[in-house]
Amino acid sequence: MKHRCLALFMAVLMTTALLTGTAQAADNGDTAAREARNGVVRILTLIKQDLYDANQKYVGSRTLSSTGTGFGVGTAGKETDVFVTNRHVVTQESDIATVNGVNYYALYTITGVYVLLDSFAFNGNTFELDNSRSIPCTVLYVGEGEDADVAILRAAEPVQGRVALPLLGDESSLQVTDKVSSLGYPGSSDATSDGYKLADIDDVTVQTGAVARISDKSSADVNSTLQGRVIQHSAAINSGNSGGPLIDQNGAVVGINTMVFHGGSDSITNAYYAIRIKYAKDALDSLEISYDLYKPKGGGLPIIPIAGGAVIVVI
């Protein structure tokens, strides 16, 4: 009798394990990607552009704006005031600007960086910013060099409803062909005719793909070289995705989306790049800001089936 009960107990555990494994395989990280949207925010940067002519004479100024994506860090699943994004989302280097067909030397001053709370916070046509629907940020860290396109922001207060995401701890665990998802606010998703920038949680797009290559140095195009540990992947992004998280099937942030290389008119030839999350972790460590690494949930077999098996043995 004892042996028959033990055999039945083992059969229950094996069946439960198989069913649990099947459910996890079917999900394939989709639930984690949906939940991770709660950790994503839209970043607005307001910029003053001062223009000078060929004789270095000041000719005027105008206000510009740019938007990107950021994600929360801190205690995973809890509301946070610390966000990671790209350096190029919150900075602007001097360059040549063409206005009405005339080239001017342009100097830029960042006048404000904000987290947009919803889709009525900022109008890109009128440059109207609703202060009740946005939170100003302080830029705590700006990376230097081509291998550090990362910035750390602190919002004036925790952003309601936006939580910290866990970061990948063992970066060597990420492998070519692993499934990944890009989350963010791509510029192509701004379909509102009135000029408002979409910024709700429901407006976070999720694009899935796989890791194509992990490189220590990746030449993206003739004018820009990404150096450092770079992830090339197929989870589509465009300009507004800059600074957004690249996550694995567990919802751990493995990289920061930073650029796309357009290889031709067909999107099949595009290459999407993210810098490894190590650069964000290094920056946070230098600022002595704590963050959570991904930890597997639970462990072992479910409690209920084990309890059921125990009952059988007792009987």
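# Notebook: a chain of helices and strands

**Entry 1. Overall make-up.** I counted the secondary structure and got five helices and 15 strands in the chain. The model I am reading is predicted. The chain has 315 residues, and buried ones make up 43% of them. I then took the contacts between residues at least 6 apart in sequence; 66% of them join residues at least 24 apart. The accessible surface of the chain comes to about 16100 Å². Carbon and sulfur atoms account for 52% of that surface.

**Entry 2. Strand S3.** I went to S3, residues 82–85, and checked which way its side chains point. Val82 and Val84 point one way from the strand. Phe83 and Thr85 point the other way. Are these four buried or exposed? I find Val82, Phe83, Val84 and Thr85 all buried.

Next I looked up the partners of S3. Strand S2 covers residues 58–76 and runs antiparallel to S3, with three bridges joining the two. Across that pairing, Phe71 stands opposite Val84. Strand S9, residues 151–155, also runs antiparallel to S3. I count four bridges between S3 and S9. Which residue of S9 is the bridge partner of Val82? It is Arg154.

**Entry 3. The turn before S3.** S2 and S3 form a hairpin with five residues between the strands. I checked the backbone there and noted Gly77, which takes a positive phi near 85 degrees. Thr80 lies in the loop between S2 and S3 as well. I looked up its accessibility: Thr80 is buried, at 7% relative accessible area. What does Thr80 touch, leaving aside its neighbours within four places in sequence? I list Gly72 and Val73, then Pro158 and Val159, then Arg162, Val163 and Ala164.

**Entry 4. Salt bridges.** I searched for salt bridges and found eight in the structure. I wrote up three of the pairs in detail.

I began with Asp30 and Lys179, whose side chains meet in a salt bridge at 2.9 Å, N to O. Asp30 lies in helix H2 (residues 30–36) and Lys179 in strand S10 (residues 179–184), so the pair ties together parts that are 149 residues apart in sequence. I compared the burial of the two ends. Asp30 is partly exposed, at 33% relative accessibility. Lys179 is buried, with a relative accessible area of 18%. The cut-off for buried is under 20%, so Lys179 falls in that class.

I moved on to Arg133 and Asp118. Their closest N and O atoms are 2.7 Å apart in a salt bridge. Arg133 is in the loop between strands S7 (128–129) and S8 (134–142), and Asp118 is in the loop between strands S5 (102–116) and S6 (122–123), so the salt bridge ties together parts that are 15 residues apart in sequence. Arg133 counts as partly exposed at 29% relative accessibility. Asp118 is buried, with a relative accessible area of 17%.

The third pair is Glu171 and Arg276, whose side chains meet in a salt bridge at 3.1 Å, N to O. This pair links distant parts of the chain, 105 residues apart. Glu171 sits in the loop between S9 and S10, and Arg276 in strand S15 (residues 271–276). How buried are the two ends? I read 12% relative accessibility for Glu171, which counts as buried. Arg276 counts as buried too, at 0%.

I also checked for shared partners. Asp118, Asp130 and Arg133 are joined into one network by salt bridges that share partners.

**Entry 5. Rings.** I looked for aromatic pairs and the count came to three. I noted one of them, Phe122 with Phe127, as edge-to-face. The ring centres are 6.3 Å apart, and the planes stand at 75 degrees. The cut-off for edge-to-face is over 60 degrees, so the 75 degrees of this pair puts Phe122 and Phe127 in that class. Phe122 is buried, with a relative accessible area of 0%. Phe127 is partly exposed, at 34%.

Last, I looked for a charge over a ring. Which ring does the charged end of Lys278 sit over? The ring is that of Tyr279, and the charged end lies 4.7 Å from its centre.

Technical notes:
Residues are numbered from 1 along each chain as its sequence is written. This is a predicted model: local features need pLDDT of at least 70, side-chain atom pairs count only at pLDDT 80 or more; totals for chains, interfaces and linings use all residues. Side-chain values use heavy atoms; hydrogens and water are left out. Buried means under 20% relative accessible area, exposed over 50%, partly exposed in between (1.4 Å probe, protein chains only). Contact means heavy atoms within 4.5 Å. Accessible areas come from the Shrake-Rupley method with a 1.4 Å probe; for residues, only the protein chains shown count as cover. Rings of Phe, Tyr and Trp (its six-membered ring) pair if their centres lie within 6.5 Å; planes under 30 degrees apart count as stacked, over 60 as edge-to-face and the rest as tilted. A charge sits over a ring if NZ of Lys or CZ of Arg is within 6 Å of the ring centre and within 35 degrees of the ring normal. Two strands pair if DSSP finds at least two bridges between them. A salt bridge is a side-chain nitrogen of Lys or Arg within 4 Å of a carboxyl oxygen of Asp or Glu.
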